[in-house]
Amino acid sequence: MVKYKIEFNKEECIGCGSCVSVCDNWVMDEKEYKAKPKKITLDKIGCNKDAEEACPVGAIKVKEV
């Protein structure tokens with residue numbers, strides 16, 4: 001069974017919310033004003049690929065493991 005892992009670079013995140021708007025696995029951290037994933041390891045890629053593509057700074061990478 002294929003699994004996926006999210007690699008998220010919090011330092012690159014600009015807090016624009018693009019990932020949050022396209023995928024329910026992403027939320028905004030109210031203290032840091034940056035996005036973060038609810039789950040890092042996934043059985044299904046779901047909308048996380050959309051979040052990766054929506055990120056204007058490339059802070060999200062979804063990899064097959």
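Guide: Let's start with the term you'll need first: a disulfide is a pair of cysteine sulfur atoms within 2.5 Å. Chemically speaking, it's a covalent bond between the sulfur atoms of two cysteines. Keep in mind that the model above is a predicted one.

Visitor: Okay, how many disulfides does a search of the whole structure find?

Guide: Just one turns up when the whole structure is searched. Cys 23 and Cys 47 are the partners, with 2.1 Å from S to S. For the handedness, look at the rotation about the S-S bond: at 65°, the link of Cys 23 and Cys 47 is right-handed.

Visitor: Which parts does the pair of Cys 23 and Cys 47 tie together?

Guide: To read a crosslink, find each end among the helices and strands. Cys 23 sits in the loop between helix 1 (18–22) and strand 2 (26–29), while Cys 47 is in the loop between strand 4 (41–42) and helix 2 (48–54), so the bond ties together parts 24 residues apart in sequence. The Cys 23 end is buried, with a relative accessible area of 2%.

Visitor: I see other cysteines too. Why is there no bond from the sulfur of Cys 13 to the closest cysteine sulfur?

Guide: Distance settles that one. The closest cysteine sulfur to that of Cys 13 belongs to Cys 19, and at 6.3 Å it's too far for a bond. Cys 55 has a similar story: its sulfur is 6.2 Å from the closest cysteine sulfur, in Cys 16, which is also too far for a bond.

Visitor: And is Cys 55 buried or exposed?

Guide: Read the relative accessibility: Cys 55 comes out at 16%, which counts as buried. Cys 13 is buried as well, at 11%.

Visitor: On to the inside, then. How many residues does the largest nonpolar core have?

Guide: A nonpolar core is read as a set of buried residues joined through their side chains. Here the largest one has 13 residues, and those with the most contacts inside it are Ile 6, Cys 19, Trp 26, Ala 35, Ala 51, Ile 60 and Val 62. Strand 1 (4–8) and strand 5 (60–64) each supply at least two residues of this core.

Visitor: Pick one for me. What is Ala 35 in contact with, leaving aside its neighbours within four places in sequence?

Guide: With those neighbours set aside, Ala 35 is in contact with Phe 8, Cys 13, Cys 19, Val 20, Trp 26, Val 27 and Met 28.

Visitor: Now a polar residue. Where is the place of Asp 29?

Guide: Asp 29 belongs to strand 2. At 19% relative accessibility it counts as buried, since the cut-off is under 20%. Its side chain reaches the backbone nitrogen of Lys 31 at 2.9 Å. Beyond its sequence neighbours within four places, Asp 29 is in contact with Lys 34 and Lys 36.

Visitor: Which value does phi of Tyr 33 take?

Guide: The thing to check is the sign. Phi of Tyr 33 is near 55°, a positive value in a residue other than glycine. Tyr 33 lies in the loop between strand 2 and strand 3 (34–37), and at 59% relative accessibility it counts as exposed.

Visitor: Last topic: how many salt bridges does a search of the whole structure find?

Guide: Five are found. To read one, check the N to O distance between the charged side chains, then ask where the two ends sit. In the bridge of Asp 43 and Lys 3, that distance is 2.6 Å. Asp 43 is in the loop between strand 4 and helix 2 and Lys 3 in the segment before strand 1, so this pair links distant parts of the chain, 40 residues apart. Both ends are partly exposed, Asp 43 at 45% and Lys 3 at 33%.

Visitor: How far apart are the closest N and O atoms of Lys 63 and Glu 7?

Guide: They're 3.8 Å apart, and the pair forms a salt bridge, for which the cut-off is 4 Å. Lys 63 is in strand 5 and Glu 7 in strand 1, so the bridge ties together parts 56 residues apart in sequence. Lys 63 is partly exposed at 38%, and so is Glu 7 at 37%.

Visitor: What separates Lys 49 and Glu 52 in helix 2?

Guide: About one helical turn, as these two are three residues apart in that helix. Their side chains meet in a salt bridge at 2.8 Å, N to O. Lys 49 is partly exposed at 33%, whereas Glu 52 is buried at 17%.

Key. Residues numbered from 1 in each chain as written. Predicted model: local features only at pLDDT ≥ 70, side-chain atom pairs only at ≥ 80, totals over all residues. Heavy atoms only, no water. Helix = DSSP H or I, 4+ residues; strand = E, 2+ residues; numbered from the N terminus. Buried < 20%, exposed > 50% of the residue type's maximum accessible area, 1.4 Å probe, protein only. Core = buried A, V, L, I, M, F, W, Y, C linked by side-chain atoms within 4.5 Å. Contact = heavy atoms within 4.5 Å. Polar contact = N/O pair within 3.5 Å; in protein donor to acceptor, adjacent residues only side chain to side chain.
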